[in-house]
Amino acid sequence: MAADGQNIPVKCLKCHVALRTPIVCDGCHSLFPPPPEADYFALLGMPRTYAIDEKKLYSSYLAIARGVHPDRFTSASDEDRSLATRLSAALNQAYDVLSDPVRRADYLLEIAGGPSAAEMREVPGDFLADIMTLREEIDQAKTAQDDNALLRHREAVVARRQETRRRIAALAESCADLDNRQRAELRRLLNSMNYYDNLLTELAVDPFAAPAKSTND
Amino acid sequence: MTDDHDIIIGIDLGTTNSLVAFGDEAGPHLIAGPAGEDDVLLPSVVSFNDAGRVARIGGEARAHAVERPATTVYSIKRLMGKGVRDLTDDLGRLPYLIERRSGEDGRDLATVVIGDQRYTPPEISAMILRELKTRAERHFGRPVTKAVITVPAQFDDAQRQATRDAGLIAGLDVVRIINEPTAAALAYGLDRTEHATIAVYDLGGGTFDISILRLEDGVFEVLATNGDTHLGGDDFDHALIDLFTREIHEQFGVDITTPAIKQQLRTLSENIKILLSDRDSAPVEIDLGTGRVYRRLITRGEFETMIVPLVERTIEACSRAVKTAKLTPQGIQQVVLVGGSTRVPFVRRRVAEVFQRRPYTALNPEQVVALGAGVQASLLAGVKRDVLLLDVTPLSLGIETLGGALGKLIPANTRIPCRASETFTTFQDGQTNVKINVLQGERELVKDCRSLGVFELQGIPPMPAGIPKIDVTFLIDQNGILNVSATERRSGRTASVQIVPSHGLTRDEVHRMQREALEHASEDMAAHHLIDVRTTLEFDLHKAEQMVERFGHLLDVSGRNAMVAEIQGLREFAMQCTDPRRLNERRETFNRMTIPLAELAIKASLGSEEEAAGKETVCHAGRETREGEVGGCVEPTLRSVEN
């Protein structure tokens, strides 16, 4: 796979307009099956990098979605309709992954050769012991119905999650150049994110009950 | 709608009422029934004769519900895509007989038994759809074969498939199934340019949906959806019914068991609920016979206390949706109310409280979904507008794994179309098929989720156990309907996927029902259709008479006499003619004949009221929509003149 991630045909085979994405032409609205080598970044017409411009990603997603959404192909052939559905599914999948910073990092690690979560389930050193302590404290606060303590715990988890995300970002930005040790470290950090997310779900406040407070990071 | 596009209609197939609409450049329009332009709600009720053949559909069927409870079917939407085991609550409440369909394939499919006949829910829904289709055909003056149909966002795959089957049985190609709250958002936001995040709170007769959407430059993006497919205005009625039943038992020792009284009680409760939206109290009086009369006054406060637990269930669902969308009430700029049950003041109050803003009620809550369906239909028909609908799947999709756990493949609130792949293998040497139980639901165990059906992969090349690798792709399309395909990796062969739906119809069954419905339609419905055509004709004749009276002087004498004679002649013909199609042809010819007079009439009325700019727009829109369809042109023109 090309290192720059721009491994897509440059021009439409039918009308020779420059292509934003390998799956649809903005000019003649033709659909093309995705080339097997096109990654999520290529599908969305974005450079392959962690530090992605999220606004640009969204507008690019919408522009391409307009072109491939099956609603555009209601009176087209069965073949085109089914291709539009498959392309939209592929595009949505790509966008879901790239628009989430953690999943985006995970995906870049996958492109760089892993390890995947299935291959390596470890988390960073003292992480599990920390989480267990934290969980006990949360349970105690819940039993005591100590809302202030719960709020404090929530803020602490959000802070730690953000710190982990920062470390993930630092590694993921140079993902293609990482050595084995660094890739393993990235894997462990990514694995730990699940635990934070579960804790936050547990600590989530009813949006209708609480006074205005930012819900997430 | 112009001639170079297929006509696509938009249908709101509701628990209580159904509507049909279409859209053009000017926006969406409801199509009225034979009783005139306000006749847009078709009660979702079908009544049968004792032999089990369709007798009446809509308002007339509902009017007979008290006299003929066991042969009047309402709330059929609650049964769509359901098994008898899913319906324990409804079985006691619905006055008609529901049985599990007998069959050897293990399917649990609820059917309605009327006399000697058995009908599946899609067949009964198809009768309502056919009535709406007829209304549309009468409006356009030509056949209509394509439709967008709305469903509650929380409908699962089986319920969506059942809705599509109903369309097929009615002779409609369902080009799109669209979620009701999303349709409402389309109707709400089509002409708005501001960027906004809105919540659509949709409480209908039998279902509740809450959807949060982001609206931006023609993009309608659903951020989260939640709800309950078994919660609606019907349940408010039942709260009242239960109260009255209990008190009647306490006071008189009488148990209400006969279907007729049950039905009477239901109608009464529904009316009281509606009364209590405008008044603080309502009198209740039920004659139990032999001098016993149950009397009481019920206050709005009492009613509200009874429905608190039901309304709180909707609020909890709202909370979950807001959480999923990662928002707070402050991040939501508008709350749009949809569905007849949002007329209940307590519902409005609670929604206003939790979202901390007064809900938007400018749109008619009973019509907005149909209007949205009309918008979507026009978009699909190619009426130009740069709109993109991005919806989500309401339920998680998974497969049964060892030990009865659910292996989640696609989580709820994933953008659709979406897909997931999973690799399967064999457990025995030479095994050539693999069965996969596919489920939908949010619970961890298979027994708490709904099985969509068992997908059987066939034609796997015989190999030692564990060697074949079958890649199965689960694709949820834009309608929220699942498609499964499979390939064996080594041979590259596409394995065929045979589906036994848990609560649905097979393709063959749908085709058979489609044929049967057509046959019966010509037998049973001809009489019904004839009445409709006669009613419409009488309506047209009456309008024409009025027009001759007011504007006849604009024609020459022979032209006027010809009109009068034609009206007279057609009236006589209508009495003898028994072929609805022939009668309709005569009606259309007649309408064409009235065009010159109609045009003179318009000119005359415009001349006398130059300043009536509003009227001119109405006339103009009326004519534009009907371009190239001379036959249908007269009706709206006449109406706009008269208004």
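# Notebook: a sheet, some backbone oddities and an interface

**Entry 1, the sheet in chain B.** I began with strand E9 of chain B, residues 110-114, and found three bridges joining this strand to E10(B), the two running antiparallel. A reminder to myself before going on: this is a predicted model. For one pair within that match, I looked up Val113(B), whose bridge partner in E10(B) is Arg118(B).

Next I asked which helix packs on the sheet. The helix is H3 of chain B, residues 121-140, and it touches E9 and E10 of chain B. I noted its direction too, which makes about 85° with that of E10(B).

Then I stepped back to view the whole sheet. Three strands of chain B make it up, in the order E8-E9-E10, and the sheet is open with antiparallel pairing. Strand E8 (97-100) and strand E10 (117-119) of chain B are the edge strands, as each pairs on one side only. On average, neighbouring strands here are turned by 40° against each other, with direction ignored. As background, strands of a sheet pair through backbone hydrogen bonds, in either a parallel or an antiparallel way.

**Entry 2, cis peptide bonds.** I went looking for unusual backbone next, keeping in mind that most peptide bonds are trans and that most residues other than glycine have a negative phi. In chain A, I found a cis peptide bond between Gly114(A) and Pro115(A), with omega about 10°. Where does Pro115(A) lie? I traced Pro115(A) to the loop between helix H4 (101-111) and helix H5 (127-143) of chain A.

Chain B gave me a cis bond as well, joining Ile416(B) and Pro417(B), and here omega is about 0°. Pro417(B) is in the loop between strand E21 (405-410) and strand E22 (418-424) of chain B.

**Entry 3, positive phi.** I stayed with the loop between E21 and E22 of chain B, since Asn413(B) lies there. Asn413(B) is not a glycine, yet its phi is positive, about 65°. Is Asn413(B) buried or exposed? I read a relative accessible area of 18% for Asn413(B), so this residue is buried, the cut-off being under 20%.

Ser75(B) was my other stop, a residue other than glycine with a positive phi near 50°. I placed Ser75(B) in the loop between strand E7 (72-73) and helix H2 (88-93) of chain B. Its relative accessibility is 2%, so Ser75(B) counts as buried.

**Entry 4, where chain A meets chain B.** How many residues does each chain bring to the contact? I read 27 residues from chain A and 36 residues from chain B. Between them the two chains bury about 2,600 Å², and 59% of that is on carbon and sulfur atoms. On the chain A side, I noted that Arg66(A), Asp71(A) and Phe208(A) lose the most area to chain B, together 27% of what that side buries.

Asp71(A) came up again when I turned to charges: it forms a salt bridge with Arg176(B), and the closest N and O atoms are 2.6 Å apart. The count of salt bridges between chain A and chain B is three. I also read ten residue pairs in polar contact between the two chains, both residues at pLDDT 80 or more.

Last, I checked which helices of chain A take part. Helix H2 (54-68) and helix H3 (78-98) of chain A each supply at least two residues of the side that touches chain B. The largest share of that side, nine residues, comes from H3(A).

Technical notes: Residues numbered from 1 in each chain as written. Chains lettered and ligands numbered in written order. Predicted model: local features only at pLDDT ≥ 70, side-chain atom pairs only at ≥ 80, totals over all residues. Heavy atoms only, no water. Pairing = 2+ DSSP bridges. Helix = DSSP H or I, 4+ residues; strand = E, 2+ residues; numbered from the N terminus. Axes fitted to C-alpha atoms, helices over the stretch in contact; angles between N-to-C directions. Contact = heavy atoms within 4.5 Å. Buried < 20%, exposed > 50% of the residue type's maximum accessible area, 1.4 Å probe, protein only. Buried area = accessible area lost by both parts, 1.4 Å probe. Salt bridge = Lys/Arg side-chain N within 4 Å of Asp/Glu carboxyl O. Polar contact = N/O pair within 3.5 Å; in protein donor to acceptor, adjacent residues only side chain to side chain.
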